[in-house]
Amino acid sequence: MIDKLVHEPARYQIMAHLYVVESADFLFIMTQTGLTFGNLSSHISKLERAGYVEVEKGFEGKKPKTMLRLTGEGRKAFDGYREKMREMLEL
Amino acid sequence: MENATIVFMESHFTPFLIIAKHFAMQSVLNILAHKDRMAKDDIPEIERKVYSTVHEDGSWDIFFGIMILGMGLDTHFRSWITGMGLPGYISSFFFPGLAVLMMFLVKWHVTRKFGRFTYSPKMLGMRDRMFWLILVSVLATFGLLMLGMMAKQGQALSEYSGILSGLVAPLAISGLIFSVLAGMAYYMRFDRLYVIAAAFGTAMLTSELMRDCCGQDKDLVFLVLGVVILVNGLHLLLSLLGRLPRMGTA
């Protein structure tokens, strides 16, 4: 079975961008994926609930800052999903 | 009886059939979209895109533009500030200082708007290797310059002085500049830096070769190249700022 949480295109994009970095802030992922604030926020919540993404809220001076990081489980799920898709699509 | 069953099933199950069809269709479309994504948007490609965004702000172009422009303006700037009664060595620090300051300001401003990321351990390893490459290259350049100066003053290696003060030293310095910048471009995944490396290396060689025949006109090479790189950097910066969404960090 493929992981439906990763399969959704927007969430795949979010996870792929977090996969190649150590961590990134919310704004960076938003500008990179082209998702709107609300859309990204909702996808991040789903990924966080699944334990795939770690969200760290803090402040930089007086400005709020949200850092996102792919967890070990998230990395494993992303690898597994890609492997499965590669097998299915015979790429 | 049979017809009645079909009518009953159609009337009661049609909404479910439509939904099932919709989901099946959606899955097929998702898989097709994913196949396309897997084919063209693979992880190395995304990695390259993410890391190249660091260079989209034109900060490195502005840095090298000011540095090279400074090399071209150095003679005139030095005579201007000594004319004002200030020590000439200020000129050696002014343009590099301005370049670093401008780069810092651009990075600071763009990061506030663009967001930031931290490098993965793999990329950090690459950055470490780049640091050692730059350090070794700087030491090699310093050694080469010292050797050239010693040869010119006839303190040592007098038999090589003719060769060193001729074509070999300019070639070596140009090659070194190109190698260092090309090494940086490779580790930073910054393709435009290859062009700057080649142009800077060539400008250095041309300028050294023009030294004997053209005097201060050799600075023109750096002036032109510096302006071109600086203008390109400013253009990149302005277009990036125009593209970014206007909002603070989330």
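What percentage of the 91 residues of chain A count as buried? In this predicted model, the figure is 47%. For chain B, which has 250 residues, 33% count as buried.

The accessible surfaces were computed chain by chain. Chain A exposes about 4,500 Å² of accessible surface. Carbon and sulfur atoms contribute 52% of that area. For chain B the accessible surface is about 15,000 Å². Here 72% belongs to carbon and sulfur atoms.

Contacts were also sorted by separation along the sequence. In chain A, contacts between residues at least 6 apart were considered. Of these, 53% join residues at least 24 apart. In chain B, contacts with a separation of 6 or more were considered. Residues 24 or more positions apart account for 74% of them.

Chain A contains five helices and three strands. Along the sequence, these elements follow the pattern α-α-β-α-α-β-β-α. Chain B contains eight helices and one strand. Its pattern reads α-α-α-α-β-α-α-α-α.

Strands of the two chains come together in one sheet. This sheet is open and has four strands. Their order is β2(A)-β3(A)-β1(A)-β1(B), and the pairing is antiparallel. The edges are formed by β2 of chain A, residues 53–60, and β1 of chain B, residues 117–118. Each of these edge strands pairs on one side only.

The pairings can be followed from one edge to the other. Eight bridges join β2(A) to β3(A), and the two strands run antiparallel. Glu60(A) lies opposite Lys63(A) of β3(A). β2(A) and β3(A) form a hairpin, with two residues between them. In its turn, Gly61(A) has a positive phi of about 70°.

Strand β3 of chain A spans residues 63–70. Two bridges link β3(A) to β1(A), again in antiparallel fashion. Within this pairing, Ala24(A) has Leu68(A) of β3(A) as its bridge partner. Strand β1 of chain A covers residues 23–25. Two bridges join β1(A) to β1(B), and this pair also runs antiparallel. Ala24(A) takes part here too, with Phe117(B) of β1(B) as bridge partner. Ala24(A) is thus bridged to Leu68(A) in β3(A) and to Phe117(B) in β1(B).

Helix packing was examined next. Two packed helices are described by the angle between their axes and the distance between the axes. In chain A, helix α2 (residues 9–19) packs against helix α3 (residues 26–33). The angle is about 120°, and the axes are 10 Å apart. Angles between 115 and 145 degrees fall outside the parallel, antiparallel and perpendicular ranges, so α2(A) and α3(A) are oblique to each other. Their crossing is right-handed. On the α2(A) side, the contact is made by Gln13(A), Ile14(A), His17(A) and Leu18(A). On the α3(A) side, Ile29(A), Gln32(A) and Thr33(A) take part.

Helix α3(A) also meets helix α4 of chain A, residues 37–49. The axes of these two helices come within 10 Å. They cross at roughly 115°. α3(A) and α4(A) are therefore roughly perpendicular to each other. The crossing is right-handed. From α3(A), the residues involved are Phe26(A), Ile29(A) and Met30(A). They meet Phe37(A), Leu40(A), Ser41(A) and Ile44(A) of α4(A). Ile29(A) contributes to the contact with α2(A) and to that with α4(A).

In chain B, helix α3 (residues 59–83) packs against helix α4 (residues 90–114). The angle is about 155°, and the axes lie 8 Å apart. Angles over 145 degrees count as roughly antiparallel, so α3(B) and α4(B) are roughly antiparallel to each other. This crossing is right-handed.

Gly65(B) belongs to helix α3 of chain B. Its relative accessibility is 0%, which is why Gly65(B) counts as buried. Leaving aside residues up to four places away in sequence, Gly65(B) touches Gly226(B), Ile229(B) and Leu230(B). Gly65(B) and Gly226(B) are 161 residues apart in sequence. In space, their C-alpha atoms are 4.3 Å apart.

Note on methods: Residues numbered from 1 in each chain as written. Chains lettered and ligands numbered in written order. Predicted model: local features only at pLDDT ≥ 70, side-chain atom pairs only at ≥ 80, totals over all residues. Heavy atoms only, no water. Pairing = 2+ DSSP bridges. Buried < 20%, exposed > 50% of the residue type's maximum accessible area, 1.4 Å probe, protein only. Contact = heavy atoms within 4.5 Å. Areas by Shrake-Rupley, 256 points an atom, 1.4 Å probe, with all protein chains shown as cover. Axes fitted to C-alpha atoms, helices over the stretch in contact; angles between N-to-C directions. Parallel < 35°, antiparallel > 145°, perpendicular 65-115°, else oblique. Left-handed = near helix turned anticlockwise from the far one by under 90°.
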